[in-house]
Amino acid sequence: MPKHAASKPSGAPSDPDCIPDAGGSAADERDERIGLTEAFAPVGAEPAADVPEAPTDRDNAIGLTQAFAPVDGAPSSPAHAGGFSYKGDTDDEYPDAFDSLEPRDAPSLLLDDEAPLEPEQPKGRHGKKDKTDVPPHMRKSRRMRRVLIVVIVLLVVLIGVLGYLTWRLVTESQTLAAQQTQQQQDAQEVTAIQQEETKDASTETTKKTEAPNLVAVLGLGQDEAVAALAHGAQVTASKDVNEEGNPIKKDVTVALTDEPADTRTGTPTVYLGLNEEGKVIQAGYSASTAALGYGTLSFADAVKNEHVVEKTLQEAGIPVAEGAAVLPEDKTAYSTYDTDGTTLVKENCSFSGTVDLNGAPYEWSAVLSYNYTTANMTGNLADTIRIIYVYVNA
């Protein structure tokens, strides 16, 4: 190892390896110098080998060589070849790079007595507003109001539903009542004259006609019978009968023109049945019950109480006891109803029996007929067509 120089320039480095050998050339000494001053020296000018360069202010301003000098054996004052030394920057305008990284005590912006303020969150036009702090009693009152509103709404809806149901019930009840009333009226119009209780003489009308004596014409010829009938008897129709086993071979219809005619049933009429010999073996008579003096009697009342059938037979010369005409117990046996099953259209019943005349038996028959078709259309029971037929056979 080369020895150190006896005297070292002030700007020479402290590292022994940086000192040139005494016997070395000037070029070697220049190459071994590591100072920044020499490194940045002008290229064209080379300093003399024996005369060391004086340190300049520029080298001192840089001061980086001494900062990176070895720790062991470092001199008390930083030194470097060429006379550079480290000089830290203390000017506030240009802070040192290392000092600027150190934390600094900044004054607090918050006052000790005030609580820190939270930053306000930005809100848009449609953003959700912050809820205000509401006291518990106000929240309870608000909930109670909401409950009351819901209850009131439910009560209003319930009242509306009940009102609607009540209206529907009343409407249906009125409709049903109207239908029942109409049905009752229809039934009353028919059943008002069908009561099976007694009717007094006040229900009778003025008698307009009398039944001819049918028994007196039996065994007579056609012309003789017409003459015996009187009352303006005139033949209106004649028809031959060709039925096997039937003794009647000819039917003759005779109108009693002198008798008052009924607007609904027409003129009272006599029916004659002639046998092969042209003799009357059957005689019948028809007229309205009103013309015979019977008023607006019900069907059952006319048969059971007024005995219209028996009285008409007796007037025609057939001595039949009262009570001989009997109605069936079942009303439907002689009643006809409309398609609705409640409107009565017709009542018709036949009666028959045997009577002794001059020691010989005679068969009698009768038919009582009530037709309500016109009365049902007009709503007036007076328009009911009531006809009675009586016959006697020799």
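Let me start with a single residue, Thr289, which counts as buried because its relative accessibility is 2%. Thr289 sits in the loop between strand E4, residues 280–288, and helix H6, and once its neighbours within four places in sequence are left aside, Thr289 is in contact with Tyr294, Val308, Leu368, Arg386 and Ile388. I should say straight away that what we are looking at is a predicted model, and I will keep to what can be computed from its atoms.

Several of those contacts will come back, but first the overall picture. The protein has eight helices and eight strands, and of its 394 residues 26% count as buried. If we take the contacts between residues at least 6 apart in sequence, 54% of them join residues at least 24 apart. The accessible surface comes to about 26700 Å², and carbon and sulfur atoms account for 54% of that area.

Now to the sheet. Eight strands form an open sheet with antiparallel pairing, and the order is E1-E2-E3-E4-E8-E7-E6-E5. The edges are formed by E1 and by strand E5, residues 335–337, each of which pairs on one side only. On average, and with direction ignored, neighbouring strands of this sheet are turned by 15 degrees against each other.

Walking in from the E1 edge, strand E1, residues 233–240, is joined to strand E2, residues 250–256, by seven bridges in an antiparallel arrangement, and here Val235 stands opposite Val254 of E2. E2 in turn pairs with strand E3, residues 269–274, over six bridges, again in the antiparallel sense, with Ala255 having Thr269 in E3 as its bridge partner. From E3 to E4 there are six bridges, also antiparallel, and the bridge partner of Val270 in E4 is Tyr285.

Which helices lie across these strands? Helix H5, residues 222–229, lies across E1, E2, E3 and E4, and runs at about 25 degrees to E2. Helix H7, for its part, lies across E6, E7 and E8, running at about 50 degrees to E8.

H7 deserves a closer look. Within this helix, residues 308–315, the buried residues are Val308, Val309, Glu310, Thr312 and Leu313, and Val308 is one of the contacts of Thr289 that I listed at the start. The cover over the buried residues of H7 includes H6, strand E6 at 344–357, E7, and strand E8 at 385–393. After H7 comes Gly317, which has a positive phi, near 90 degrees.

That brings me to the aromatic residues, where a search of the whole structure finds five aromatic pairs. The pair I would single out is Phe299 with Tyr370, which is edge-to-face because the ring planes stand at 90 degrees, with the centres 5.2 Å apart. Since Phe299 belongs to helix H6, residues 299–304, and Tyr370 to strand E7, residues 360–371, this pair ties together parts that are 71 residues apart in sequence. Are these two residues buried or exposed? Both Phe299 and Tyr370 are buried, and for Tyr370 the relative accessibility is 1%.

Tyr370 also forms an edge-to-face pair with Tyr372, at 6.3 Å centre to centre and with 75 degrees between the planes. Tyr372 is buried as well, its relative accessible area being 0%. Taken together, ring pairs link Phe299, Tyr334, Tyr370 and Tyr372 into a cluster. What sits over the ring of Tyr370? The charged end of Arg386 does, 5.2 Å from the ring centre, and Arg386 is also among the contacts of Thr289.

Finally, two places in the backbone that I would look at with some care. Most residues other than glycine have a negative phi. His231, in the loop between H5 and E1, nevertheless has a positive phi, near 55 degrees, and His231 is partly exposed, with a relative accessible area of 29%. Asn358, which lies in the loop between E6 and E7, likewise has a positive phi near 55 degrees, and Asn358 is exposed, with a relative accessible area of 85%.

Methods. Residues numbered from 1 in each chain as written. Predicted model: local features only at pLDDT ≥ 70, side-chain atom pairs only at ≥ 80, totals over all residues. Heavy atoms only, no water. Phe/Tyr/Trp six-rings, centres within 6.5 Å; stacked < 30°, edge-to-face > 60°. Helix = DSSP H or I, 4+ residues; strand = E, 2+ residues; numbered from the N terminus. Buried < 20%, exposed > 50% of the residue type's maximum accessible area, 1.4 Å probe, protein only. Lys NZ or Arg CZ within 6 Å of the ring centre and 35° of its normal. Contact = heavy atoms within 4.5 Å. Areas by Shrake-Rupley, 256 points an atom, 1.4 Å probe, with all protein chains shown as cover. Pairing = 2+ DSSP bridges. Axes fitted to C-alpha atoms, helices over the stretch in contact; angles between N-to-C directions.
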